[in-house]
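Colleague: Could you take me through one part of this model in detail? I would like to see how a helix and the sheet beside it fit together, with the cut-offs spelled out.

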Amino acid sequence: MRSVGISSGITDVVIATETPVRRYDEDRGYVINEVLLMDGVVLRANQSQIPIVDSHDDRSVRNIFGSIRQMQVIDGELHGVPAFASDPESQVIRTRMDEGHITDFSITAVPMESLFVPHGQSYTTKRGAVIEGPAVIHVRWQPHNASICATGADEHSTVRRSYTDLERKVKRMDEALLGQLAAMGLPEGMTDPNQILAWVVGKLGTSATAEPPEPVENMDGETKPEEEKKVENMDGATDPEEDKKKVEEAISRALRADAKRRKEIQALCTVHKIERSVADSLCDDGVDLNTARTRILERMANKPAGQSTERVTVTESADDKLFAAARDGMIMRTLKASGARNQTIANPAAGHQDFVSMKLGRVAEMYAEKMGCDVRRMAAKDIALVAMGHPGTMNRFRIQRDAYHTTGSFSNLLLDAANKTLLAGYEEAPYTWSLWARDAGTTADFKNINRIRFSEMGTPEMVPEGKEYKDAGMSDTKETYKINKYGNMFTVTWETVVNDDLDAISRIPAMQGAACRRLQNQAVYGVLTSNPTMADTGALFNATAQTTAGGHANLATGAGAPSVSTLNTAFISMMTKKGLRSDVILNIQPAFLIVPAAISATALQLIGSIADPSVGGSAAGNSNTKNIYGPNGDRPLKVIVEPLLDAASSTAWYLAANNSQVDTVEITFLEGEQSPVLENEWDFDKDVYKYKVRQTFGVAPIDFRGLYKHAGA
């Protein structure tokens, strides 16, 4: 939970900043800095607002006073616009905020990806801020709610009140120029145009590169500096339009001076090898050139002797290196045990060889030692329990969890190894759907996916002299489907570690991966065998003419394995298919012959024969008859043999067009889950790690015109 300031006037709220907040870390047992990186904010799917709640209590809708809307990151801060509900209680809160009695919000953020900076090390943000360890940096996080609170923890998040009428006028004049002024340090609350003008001229006067203000003669022939120049109308009042013009001219000069200042600061940092983020920070903070020189010299002076002036902000500790070596060694061992064809990984960590043959019990012992245990006095079963994070055993041996040797370290080691073998099994499992069906990419949620198909444009018609052009007219149709979630579980037991039984993290995950790939194949071919009803109320494959509602005319029945004759019939059917407009012939060319294993030999022989095998009774009789479906034939086809089809029919076969010509069947995955996802957690009741395998996708036929079925006998 983070606390930040709010604005009176209800025009703007600073929800979160990158300012470190001190908090007690229960897992580590000491106080750390916590930082939310603004570049890592992830809003909830299809949500651009979060609720305003009472004291972080979002268990009931009665505690919601309103919402924060239009959230966006501005200059390293997460801003939003507060909107309060119309009920009396919410309006009381609104009034207290307007009157300045309530000044702070506190955000509830859910970390999605974090890194830990240990004591003695530091992390530099993209904006040049240096975060000293110990600290937790949340590089990806999601805001869930904002609470009204009395005092915020973030001292840099203060009350931001609305601009005055004059400032709103300047905003309307030029948002970009006003933003540049604020970046240069325009005092908050300055409202008079002439005061703004004087401030800008004063700012320019401190720079040798600034253009001097142009003197203006008065009626007595005397000149006055720009900041004293005022234009009065006949009533003695200043002309707002002239004030506006003055401000714009002064800002234009300021921008030219500021651009030169930035260029010189960047050049200084480049020469002295100061990282770009520091230069950007000096430029964005409006620091003048002399001050920038001083800060650069101070930064160089604070470097240890012999150290490069380039700041190393992210380092890898000995514990990181040890974990990487153990992880890669364990992965290579499990890949070998799973029987994967590729039993190595690219660029393994140094020292991984030490772990390729190391037993699980010895790896667990290593982690226990890193936790401060005297493993010489511990039984193997206790060492395994400690490494696996058994709470009772850890308490019995008084183990304190610190930054790198948490209960998750050994868990993550096993998870990485299991995940690698899961993906190896997934990638190496045989499947054929990708040869002809379409991978439609990903979708962000479980809502219906609508695939719209527009009709073909009508053939242009002759237009007689003096007559109007006819409207070609178009129609459309759509298929609707959604993705579904599939999965199962397996476990890694305490006994697995003690007995060094690798099956649980090698063969079993590999089999799970193969099962996920098999599931995809089953789902895609299930569309062909189940013959589902489409949006036009007709079955995917039916023999009814296209002129009838729901008619697809893409089904042949009766005996007939693939042959020149049966393929001719199928080709004619697909080539003469009409589009949504009844007057448009699509000339669809089949590209794939999909057959069950039972008739695969016949299909392969047909497609592989130069001569038509159905002509004559001997090879000699075939030699002079060209097989148009054979090698170098006029109608090339690729044979796809899929044994899954045999369960439904050993004689039915299919033709499919290339999905770049016309849609056939498509598969869509949930965003971020194109391959199986593996997650784990500790089961206290059974002393096991539970692993959950999840695969999320949806499959549907999109257009019948690119498919044809011969049902067989």
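Modeller: Happy to; here is a close look at helix α17 and its surroundings.

First, some ground rules. This is a predicted model, in which local features need pLDDT of at least 70 and side-chain atom pairs count only at pLDDT 80 or more, while totals for chains, interfaces and linings use all residues. Residues are numbered from 1 along each chain as its sequence is written, and side-chain values use heavy atoms, leaving out hydrogens and water. Here pLDDT is the predictor's confidence in each residue, from 0 to 100. Its mean for the protein is 78, and 76% of the residues reach 70 or more. Residues 308-315 stay under 50, as do residues 402-408. Where pLDDT is low, the predicted coordinates should not be read in detail.

Now to the helix. Helices (H or I, at least four residues) and strands (E, at least two) are DSSP runs, numbered from the N terminus. Helix α17 spans residues 600-608, and Ser600, Ala603, Leu606 and Ile607 are buried in it (under 20% relative accessible area, with exposed over 50% and partly exposed in between, for a 1.4 Å probe and protein chains only). Seen down the axis of α17, these buried residues fall within an arc of 130°, so they line one face of the helix; the arc is that of the directions from the helix axis to the C-beta atoms. Ala601 and Gln605, on the other side of α17, are exposed.

What does the buried face meet? The buried residues of α17 pack against α16 (564-575), β19 (590-595) and β20 (638-641), where contact means heavy atoms within 4.5 Å.

Both of those strands belong to an open sheet of five, in the order β18-β25-β21-β19-β20, with mixed pairing. Its edge strands are β18 (555-556) and β20, each pairing on one side only. Two strands pair if DSSP finds at least two bridges between them; β19 and β21 (residues 653-657) pair in the antiparallel sense over four bridges. Phe592 has Ala656 in β21 as its bridge partner.

Helix α16 lies across β19, β21 and β25 (707-710), at about 40° to β21. For that angle, axes are lines fitted to C-alpha atoms, for helices over the stretch in contact, and angles run from 0 to 180 degrees between N-to-C directions.

Within α16 sits Thr566, which is buried with a relative accessible area of 14%. Not counting residues up to four places away in sequence, Thr566 touches Gly560, Ala561, Trp653 and His710. A polar atom of the Thr566 side chain lies 3.0 Å from the backbone oxygen of Ala561.

Key
A polar contact is a pair of N or O atoms within 3.5 Å; within protein, one must be able to donate a hydrogen and the other to accept it, and residues adjacent in sequence count only if both atoms are side-chain atoms.
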